[in-house]
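User: I've got a model open here and would like to talk it through. Can you take me around it?

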Amino acid sequence: MVALSADRLSVRRARRVVVDDVSFAAEGGALIGIVGPNGAGKSTLVQALLGLVPATGAILLDGVPLAERSRREIAQTVAYLPQGQSLHWPLSVERLVALGRLPHLAPLSRISRDDHAAIARAMVAADVTTLAARVATEISGGERARVLLARALAVEAPALIVDEPLASLDPAHQIAVMDILRAQAARGVLVIAVLHDLGLAARYCDRILVLDAGRLVADGAPSAVLTPARLRETYGVRAWFGSIEGVPVVVPLTRDSAQGD
Ligand SMILES: Nc1ncnc2c1ncn2[C@@H]1O[C@H](COP(=O)(O)OP(=O)(O)OP(=O)(O)O)[C@@H](O)[C@H]1O
């Protein structure tokens with residue numbers, strides 16, 4: 001199974017440290033949530049894990065420093081769904097999902113039967129088969145989110161990093177996407193998901209990393225990490241914690257007046 005680790009990872013943007021001395025290690029077979037307030041550095045952290053932004057510290061992918069891997073190797077090993085991607089080319093949905101196979105194709109080679117099978121599996125998993133012939137620039141925001149997830153799934157990489165995969169999705173599709181991520185983890189994939197919905201993070205993740213102002217302030221099982229004190233300190237909110245039919249429920253209730261504003 002794939003292994004990904006960061007050791008004392010820091011990233012500066014516009015001369016500000018936005019990821020600050022973050023260390024963690026992860027292996028395939030787990031769904032790991034990254035949560036934290038807006039601007040905490042979550043997207044920057046995952047971009048650094050993919051080698052997309054310059055960082056200090058060490059990142060190891062299967063024991064090899066990321067800097068020693070080619071872009072193609074990284075793209076084959078870690079599929080990535082960026083946050084809020086917009087589409088500019090009027091490709092069909094099926095062709096857009098097919099782009100997920102690019103890391104596996106030799107230059108000028110054609111899509112193989114295996115590639116077609118991977119594309120079909122990804123479209124079924126993300127529930128976008130009925131959109132296959134539609135123009136990708138002419139579908140709704142939630143449909144686009146699922147199509148882009150399908151493109152990432154089509155890579156069939158041993159690791160999958162998704163940045164806010166639930167944005168613009170209705171409740172049924174939010175649950176469906178979390179089910180997909182869980183199923184991927186159950187198949188041995190390392191899934192890292194940047195999430196804002198703490199309730200779904202608590203329900204679905206094996207482990208949660210909490211980022212606050214660039215620092216990793218908590219790392220552990222959801223029940224250990226998503227506590228009233230942590231949510232107060234990190235988000236400045238009071239939350240209700242409970243469970244329904246054994247499913248953990250976290251509902252942010254009010255901003256914490258102790259925060260002062
Ligand atoms: N290209 C950039 N240039 C300069 N600063 C940036 C850039 N991208 C992000 N930042 C800053 O880096 C910090 C971390 O941003 P990042 O997008 O990683 O946060 P985030 O936790 O993913 O936030 P959100 O939940 O709002 O998506 C923020 O202060 C942001 O303003």
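Below, we go through the ligand shell, the core and one helix.

Analyst: Quick caveat: this is a predicted model, where local features need pLDDT of at least 70, side-chain atom pairs count only at pLDDT 80 or more, and totals for chains, interfaces and linings use all residues. Residues are numbered from 1 along each chain as its sequence is written.

User: Which helix gives the most to the shell around the ligand?

Analyst: A residue is near the ligand if its C-beta atom, placed from the backbone, lies within 6 Å of it. That shell includes Lys42, Ser43 and Thr44. Helices are DSSP runs (H or I, at least four residues), numbered from the N terminus. With 3 residues, the top contributor is helix α1 (residues 42-49).

User: And which helix gives the most to the largest nonpolar core?

Analyst: That core means buried Ala, Val, Leu, Ile, Met, Phe, Trp, Tyr and Cys joined through C-beta atoms within 7 Å; buried means 20 or more other C-beta atoms within 10 Å of a residue's own, exposed 12 or fewer. It has 82 residues, and Leu149, Ala150 and Ala152 are among those touching the most other members. Giving 8 residues, the answer is helix α5 (residues 141-154).

User: Within what arc do the buried residues of α6 fall?

Analyst: The buried ones are His173, Val177, Met178, Ile180, Leu181, Gln184 and Ala185. On the other side, Pro171, Ala172, Asp179 and Ala186 are exposed. Taking directions from the helix axis to the C-beta atoms, the buried set lines one face, because it falls within an arc of 150°.

Terms used
Helices (H or I, at least four residues) and strands (E, at least two) are DSSP runs, numbered from the N terminus.
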